[in-house]
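The following exercises are meant to be worked with the coordinates open. Each task is followed by a solution that goes step by step.

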Amino acid sequence: MPAKPKWERIADEIRAKIESGELASGAQLPSTAQLRNEYGVSAGVVRQAILVLQTQGLVEGVHGVGVFVTES
């Protein structure tokens, strides 16, 4: 079985933090730059992970402000 893509692993980790309560409703996710440094990936990989979480309704982006965990 092939390894998961990097964006999928990042999305899984953030999802787990949301589900465990480590990232509560309304909490701001780290910036793209912070996530790039933390995971050693490109901005595109981080954007793909965030897009997946947005599609799942777990986070929402506020233009010019950041990405936040949605109210559950």
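**Exercise 1.** Compare the expected span of α3 with the distance between its end C-alpha atoms.

*Solution.* Helices here are DSSP runs of H or I with at least four residues, strands are runs of E with at least two, and both are numbered from the N terminus. The expected span is 1.5 Å times one less than the number of residues, so the 13 residues of α3 should cover 18 Å, and this agrees with its end C-alpha atoms, which are 18 Å apart. Just after α3, G57 takes a positive phi of about 80°.

The model is predicted, so local features need pLDDT of at least 70 and side-chain atom pairs count only at pLDDT 80 or more, whereas totals for chains, interfaces and linings use all residues. Residues are numbered from 1 along each chain as its sequence is written, and side-chain values use heavy atoms, with hydrogens and water left out.

**Exercise 2.** Determine which residues of α3 are buried, and how they are arranged about the helix axis.

*Solution.* Take buried as under 20% relative accessible area, exposed as over 50% and partly exposed as in between, with a 1.4 Å probe and protein chains only. The buried residues of α3 are then V45, V46, A49, I50, V52 and L53. Because these residues fall within an arc of 155° when seen down the axis (the arc is that of the directions from the axis to the C-beta atoms), they line one face of the helix. On the other side of α3, R47 and T55 are exposed. The buried residues pack against α1, α2 (32–39), β1 (59–62) and β2 (66–69), where contact means heavy atoms within 4.5 Å.

**Exercise 3.** Describe the surroundings of V52 in helix α3.

*Solution.* V52 counts as buried because its relative accessibility is 17%. Leaving aside neighbours within four places in sequence, V52 is in contact with W7, A11 and R15. V52 and E8 are 44 residues apart in sequence, yet their C-alpha atoms are 8.3 Å apart in space.

**Exercise 4.** Identify the members of the largest nonpolar core that touch the most other members, and the element with the largest share of this core.

*Solution.* A nonpolar core is a set of buried Ala, Val, Leu, Ile, Met, Phe, Trp, Tyr and Cys residues joined through side-chain atoms within 4.5 Å. Of the 17 residues in the largest core, I14, I18, L29, I50 and V59 touch the most other members. Both α1 (6–20) and α3 (43–55) supply at least two residues of this core, and the largest share, six residues, comes from α3. Not counting residues up to four places away in sequence, I18 touches L23, L58, V59 and V69.
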